[in-house]
Amino acid sequence: MLPAVTLLTHAETTAPADWIVAALRTFGASVTSIVPEGFAAYARILHPASDGGRLISWREVAAANGTQVHAAMQFAALTRAAGWYPNEQPAVYGRPPLTGELPEELVATVVSCLRPWTSTPETCWFASWEGWGRLRPYVALAPAFKVPQRRYHLLTGPIEAAAESLSEPPFTNTASLWWPDDRAWCVATEVDLDSTHVGCSRACLD
């Protein structure tokens, strides 16, 4: 289970998010509608499906369906669905990828990969979408900023706070946006998507 909020504190103001507000001028148009432009590279972390506690990669789902793995692939299309929602395939997976939340099983890996690529790992910023069910009262009282179609509460803490749940049980919502104070990278898990996007340097991407 994700830990309760223990490392995060309120941001004093939303000023640390001003660069996010200035950059995200569109909604749903491209990766720079999710992560600010200006990074040398952008990574896409595919949230796995699962079955009885076993994580199932998109590659496995594609192989089971005879569909193609490529950089712009969408999970529903891998299952040969005609619309937005994937076909149910109990023989392949039990639960489709999480949307709007970086899976608990991946958080530690992402944190360990990103920590060496910032000079300010102890001072990071975490934005929580205001619309999650049962936001922790402390999170809901944090100052808020707006981007197109979204409003976020802003908190601060060390990079390890990325593992913290910002909602009360049974929900386990992680931060929607988080970045270090030096802006060396930025992680975004858009509310309606089953992938997490990271803007970073090319060395960090590698």
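## Cysteines without a bridge

A disulfide is a pair of cysteine sulfur atoms within 2.5 Å. With that cut-off in hand, let's look at this predicted model. The closest cysteine sulfur to that of Cys204 belongs to Cys200, and because the two are 4.1 Å apart, they are too far from each other for a bond. A search through the whole structure turns up zero disulfides.

Both of these cysteines are tucked away from the surface. Cys200 counts as buried at 3% relative accessibility, and Cys204 counts as buried too, at 15%.

## Arg150 and its acidic partners

Next, a charged side chain to look at. Arg150 sits in strand E7, which covers residues 150–157. Is Arg150 buried or exposed? Its relative accessible area is 12%, so Arg150 is buried.

Its side chain has polar company: one polar contact, of 2.6 Å, links it to the side chain of Glu190, and another, of 3.1 Å, links it to the side chain of Asp192. Setting aside neighbours within four places in sequence, Arg150 also has Phe27, Trp129, Phe145 and Val191 among its contacts.

## Two nonpolar cores

The largest nonpolar core holds 47 residues, and the members that touch the most others are Ile20, Leu114, Trp178 and Trp179. Take Ile20 as a way in: leaving out residues up to four places away in sequence, Ile20 touches Pro36, Phe145, Val147, Leu177, Trp179 and Cys186. Apart from this core lies another, made of ten residues, including Ile56, Trp58, Met73 and Val92.

Phe145 is worth a second glance in your viewer, as it is touched by Ile20 and is also in contact with Arg150.

Notes: Residues numbered from 1 in each chain as written. Predicted model: local features only at pLDDT ≥ 70, side-chain atom pairs only at ≥ 80, totals over all residues. Heavy atoms only, no water. Core = buried A, V, L, I, M, F, W, Y, C linked by side-chain atoms within 4.5 Å. Buried < 20%, exposed > 50% of the residue type's maximum accessible area, 1.4 Å probe, protein only. Contact = heavy atoms within 4.5 Å. Helix = DSSP H or I, 4+ residues; strand = E, 2+ residues; numbered from the N terminus. Polar contact = N/O pair within 3.5 Å; in protein donor to acceptor, adjacent residues only side chain to side chain.
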